[in-house]
Amino acid sequence: MKFYMTPGSCSTGIHILLEEIGLVFEAYVLNLPRGDHLKPEYLAINPQGTIPTLVLDDGTALTDFVGIATWLAQTYPRRKLLPDDPVLADEARAMLAFCTRHIHGEAFRRVFTPDRYGPDPDATIAEGHAIAASAFETVDREIAGREYAVGPFSIADAALFYVEFWADKIGMALPLNCSSHYQRMKARPAVRQVLAEEGYR
Ligand SMILES: N[C@@H](CCC(=O)N[C@@H](CS)C(=O)NCC(=O)O)C(=O)O
């Protein structure tokens, strides 16, 4: 498999899942500020010009975080990346969607790329911070008393981790349960390995 990624981006979440499963893959690092993701050769693989992309051995390109994470969980069921319990599995999918679509797509997209939202970047960044803060409070209530996002470790944790990592990066304080979750994730061998490989100590 070929994995297209950028260190410290949302692809870090998929990188963690690949390591958790113990898959062998070729990593291709894209430099987003330099525009690698908009070059014709990459757009031929992923027309949306986003990372992560996972190209399977038969050449199929999976181009969406939720899609890749779900594919990994279903393709490697023995790793139990989605709980057997259907209610918990549904909660994991809901958390995955909330982290990628809402916390990433609505909050951090404003914080990291405010120019996409109009002429007042400072107001957009502030709005992004406010959306993120409120969303982390919601997650904090949901994960209270659990070891991981829905109880057992799942694909939801990879998504929650990368948005927590971004909060940490921009100096945003996480509420208590999210902060504990973030520390617990950072203690996992696969997460430590991924962070080291991506250049974080
Ligand atoms: N729909 C994609 C979006 C992922 C996404 O926004 N990735 C960011 C990096 S964290 C990206 O590729 N940004 C480049 C761009 O949007 O131009 C997914 O969920 O995987």
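Contact here means heavy atoms within 4.5 Å, while helices (H or I, at least four residues) and strands (E, at least two) are DSSP runs numbered from the N terminus. The model is predicted, so local features need pLDDT of at least 70 and side-chain atom pairs count only at pLDDT 80 or more, whereas totals for chains, interfaces and linings use all residues. Residues are numbered from 1 along each chain as its sequence is written, and side-chain values use heavy atoms, with hydrogens and water left out.

**Exercise 1. Work out which residues of helix H3 are buried and what they pack against.**

Solution.
- Step 1: Locate the helix, which covers residues 65–75.
- Step 2: Pick out its buried residues (under 20% relative accessible area, with exposed over 50% and partly exposed in between; 1.4 Å probe, protein chains only). They are Phe 65, Val 66, Ile 68, Ala 69, Thr 70, Leu 72 and Ala 73.
- Step 3: Follow these side chains outward. Their packing partners are H1, strands S3 (53–55) and S4 (61–62), and helices H4 (86–112) and H6 (155–169).
- Step 4: Look at the start of H3. There, a side-chain oxygen of Asp 64 comes within 3.1 Å of the backbone nitrogen of Val 66.

**Exercise 2. Compare the surroundings of Ser 11, Thr 12 and Glu 20 in helix H1.**

Solution.
- Step 1: Place them. Thr 12 belongs to H1, residues 11–21; Ser 11 is found in H1, and Glu 20 lies there too.
- Step 2: Check burial. Ser 11 counts as buried because its relative accessible area is 0%. Thr 12 is buried at 1%, and Glu 20 is buried at 11%.
- Step 3: List contacts beyond four places in sequence. Ser 11 meets Phe 3, Tyr 4, Met 5, Thr 6, Ile 51 and Pro 52. Thr 12 meets Thr 6, Pro 7, Val 194, Leu 195 and Glu 198. Glu 20 touches Arg 79, Phe 153, Arg 188, Ala 190 and Val 191.
- Step 4: Look for a polar contact (a pair of N or O atoms within 3.5 Å; within protein, one able to donate a hydrogen and the other to accept it, and sequence-adjacent residues counting only if both atoms are side-chain atoms). The side chains of Glu 20 and Arg 79 make one at 3.0 Å.

**Exercise 3. Describe how the ligand is held among its surrounding residues.**

Solution.
- Step 1: Collect the residues with a heavy atom within 4 Å of the ligand. There are 14, and the closest are Cys 10, Thr 50, Ile 51, Phe 65 and Arg 116.
- Step 2: Inspect the polar atoms. A polar side-chain atom of His 37 is 3.2 Å from a ligand oxygen, and one of Arg 116 is 3.0 Å from a ligand oxygen. A backbone N or O atom of Ile 51 sits 2.9 Å from a nitrogen of the ligand.
- Step 3: Assess cover (Shrake-Rupley areas, 1.4 Å probe). The protein covers 78% of the 500 Å² that is accessible on the ligand alone.

**Exercise 4. Find the backbone features at Pro 52 and Lys 80.**

Solution.
- Step 1: Start at Pro 52, in the loop between helix H2 (40–43) and S3. The peptide bond from Ile 51 to Pro 52 is cis, with omega near 5 degrees.
- Step 2: Move to the loop between H3 and H4, where Lys 80 is found. Lys 80 has a positive phi of about 50 degrees although it is not a glycine.
- Step 3: Judge exposure. With a relative accessible area of 46%, Lys 80 is partly exposed.
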